[in-house]
Amino acid sequence: MNPGVSEARHTDGKTVLVGVLASAQNAILPALAIAFSSGSFGLVFAVPAVAAIVLIGSLFSYIRWKRLTYVIGEQDIRVESGVLSRAARSVPYERIQDVSLEQKLIPRLFGLVAVKFETGAGGGDDLSLSYLSEEAGEELRQLVRERRDEQDAEQAVAAGEVPAPKHAEDAEPLFSMGVGRLFTFGLFEFSLAVFAVLFGVLQYVDSFVDFDFWDPDLWQAWIEDSGVEWSALDASMQTLGAIAGIIGLLVVGSLTGMVRVFTREWGFLLERTPRGFRRRRGMFTRTDVVMPIHRVQGVKLATGWIRYRFGWHSLSFVSLAQDMGASSHVVAPFAKLREIEPIVEAAGFHLPDEDADWRRASARYLVDSAFFNALFFLVAALAAGIATTIYAPEWRWVAIGGPLVLAGIAIMGSAFAWRFHRHALDATQIMATRGLLSPKSQIATRLKLHSVEIAQGPVARLRGYATLHLGQAGGTFAIPGVPVERAREVRRKVLETIAATDFSQLENA
């Protein structure tokens, strides 16, 4: 099938099989609920219920496939869908920013991909075709790109300009993660999500089985029945048991994080292509996304309080809202600064150097922050003291002392954090960083900022500082605690940069 022919067509027929398997998957939980709640007749009721769910789901899957058609025209791509009510959408090629391919587990088994057309509409208004074969999806992506480039060239000729030359699809690798890097990444992604799931399951499992998981006497009796005298265990054995439990907790948490990292980041590859940044990743759900360079509005650097000590950071782009959510912006999830720097430069930014003119937040802002944080804990201590005096006088000083200690920690933390709460402004961009144990940084180009707002609350007006809100497409950029004079200076310089630029002369600005 030649995708260039302008005729109505259906998606790949194996899409129906994907719907059948999805219906079977959706029938699992209802079948289990029926089986456990119906006693000895559970299977008798569960099997027909599963069959009905799969049959109905398969029928609707076929009808949806039959009723969905798309046409690849000379000027646009058109999609018609709907069972009871029809809906038609037409997207001109000039509005399509790029085409991405996504493979979830079940479609991947059949060699199918979801083709997503990224437009300026954003979110659910972007166009998607589910599913085409891998070959047809790649051909369609190339065809849409070629027709979009042809329209751009025609518009350039009509305007008396020289059309941009066509580029070969040569890709320059910028960042990748192999098995070793993923293993290291997984060690830092400690997660107890599996315990949360098990806890939620155990909350309801005793409704179906005659076993109380939360009865300590039951477990003690089970241990003694196995030949171990509970009372005979001395303090050292109990201590070893506690240590073994903690080690087991760490192992399970690490394995959970490891599984999450491997399934999400498997085969991670970031490339620089003539069309932008191309990122591919995923074990079960494989995604292939292209982010045009001109849509990158800023960059963010983040880390964790443990991984920061080992020099590991993550890099994400602040892009326009139609990039399918924040997760699509991650371009280097686990990297050293020397690996991040080329990516930042390829996007048109630069990391701050040693000569950057860093300005700290107002000392008054930090004092006020520490005061209000401490005030919260002092109020908590007062409330705890009153409550324990009435109901449990023997715990009064413990209840009061805890919030007071936390108030002291909040004050000291604010004092130390002041050194790391800062921003810098150079000739082309503005940078801000904050955080004591896990610092986070954000960089924006002065040219791409839409506005600069100085906001002050009653306390800030009285104390002489403000929050700078930088208007940025696709994200937020706020710098709190800036002295008013400095805030006005930053606003003036940024607005001078914007006002002095003729945006009609900037390509893809």
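# Hairpins, cores and salt bridges

Strand 8 leads into strand 9 by way of a hairpin, with 2 residues making the link. These two strands sit side by side in this predicted model, pairing in the antiparallel sense over 5 bridges. Strand 9 covers residues 276-281, and its Arg278 is the bridge partner of Glu271. Strand 8 also has strand 7 for company: strand 7 (residues 172-176) and strand 8 (residues 269-273) run antiparallel and are joined by 4 bridges. Here Phe175 is matched with Leu270, its bridge partner in strand 8.

Stepping back for a moment, the protein has 509 residues, and 35% of them count as buried. The chain is built with 14 helices and 20 strands. Among contacts with a separation of 6 or more, 58% are between residues 24 or more positions apart. The accessible surface adds up to about 28500 Å², and carbon and sulfur atoms account for 63% of that.

Now for the inside. In soluble globular proteins, nonpolar side chains tend to be buried together. The largest nonpolar core here has 33 residues, and the members that touch the most others are Phe175, Leu270, Phe277, Leu315, Phe317 and Ile343. Quite a few elements chip in with at least two residues each: strand 7, helix 6, helix 9, strands 10, 11, 12 and 13, and helix 10. Ile343 makes a handy example of how this looks up close. Leaving aside residues up to four places away in sequence, Ile343 touches Leu174, Phe175, Leu270, Phe277, Leu315, Phe317, Val331 and Ala332. So the bridge partners Phe175 and Leu270 turn up again as contacts of Ile343, by the definition of contact as heavy atoms within 4.5 Å.

A second core, separate from this one, holds 19 residues, including Val91, Val115, Leu127 and Leu132. Leu132 also appears among the contacts of Thr11. Thr11 is placed in the segment before helix 1 (15-26). Is Thr11 buried or exposed? Thr11 counts as buried, because its relative accessibility is 5% and the cut-off for buried is under 20%. Besides Leu132, Thr11 touches Trp65, Leu68, Tyr70, Leu129, Ser130 and Tyr131, again not counting residues up to four places away in sequence.

Charged residues have their own story. Side chains of opposite charge can pair when their charged atoms come close. The structure holds 17 salt bridges. In one of them, the side chains of Arg141 and Asp288 meet with N and O 3.0 Å apart. This pair links distant parts of the chain, since Arg141 belongs to helix 5 (residues 134-158) and Asp288 to strand 10, 147 residues apart. Both ends are tucked away: Arg141 is buried at a relative accessible area of 1%, and Asp288 counts as buried at 9% relative accessibility.

Another salt bridge brings together Glu265 and Arg281, whose closest N and O atoms are 3.1 Å apart. Glu265 lies in helix 9 and Arg281 in strand 9, so this pair ties together parts that are 16 residues apart in sequence. Glu265 and Arg281 are both buried. Glu271, already met as the bridge partner of Arg278, forms a salt bridge with Arg280, and there the closest N and O atoms are 2.5 Å apart. Glu271 counts as buried because its relative accessibility is 9%. Some salt bridges share partners, and in this way Glu138, Arg141, Arg278 and Asp288 are joined into one network.

Further along the chain, there is another set of paired strands. Strand 14 (residues 358-360) and strand 15 (residues 422-425) run antiparallel, with 3 bridges between them, and Arg360 stands opposite Arg422. A hairpin of 3 residues then carries strand 15 over to strand 16. Strand 16 (residues 429-434) pairs with strand 15 in the antiparallel sense over 4 bridges. On this side, Arg422 stands opposite Thr433.

Lastly, the outside. Which residues make the nonpolar surface patch of about 1000 Å²? The patch is made by Trp305, Ile306, Phe310, Val405, Leu406, Ile409, Met412, Phe416, Leu436 and Leu437. Of these, Met412 is found in helix 12, which runs over residues 396-417.

Terms used
Residues numbered from 1 in each chain as written. Predicted model: local features only at pLDDT ≥ 70, side-chain atom pairs only at ≥ 80, totals over all residues. Heavy atoms only, no water. Patch = residues over 30% accessible without salt bridge, like charges linked within 9 Å, V, L, I, M, F, W, Y side chains within 5 Å. Areas by Shrake-Rupley, 256 points an atom, 1.4 Å probe, with all protein chains shown as cover. Salt bridge = Lys/Arg side-chain N within 4 Å of Asp/Glu carboxyl O. Pairing = 2+ DSSP bridges. Core = buried A, V, L, I, M, F, W, Y, C linked by side-chain atoms within 4.5 Å. Buried < 20%, exposed > 50% of the residue type's maximum accessible area, 1.4 Å probe, protein only.
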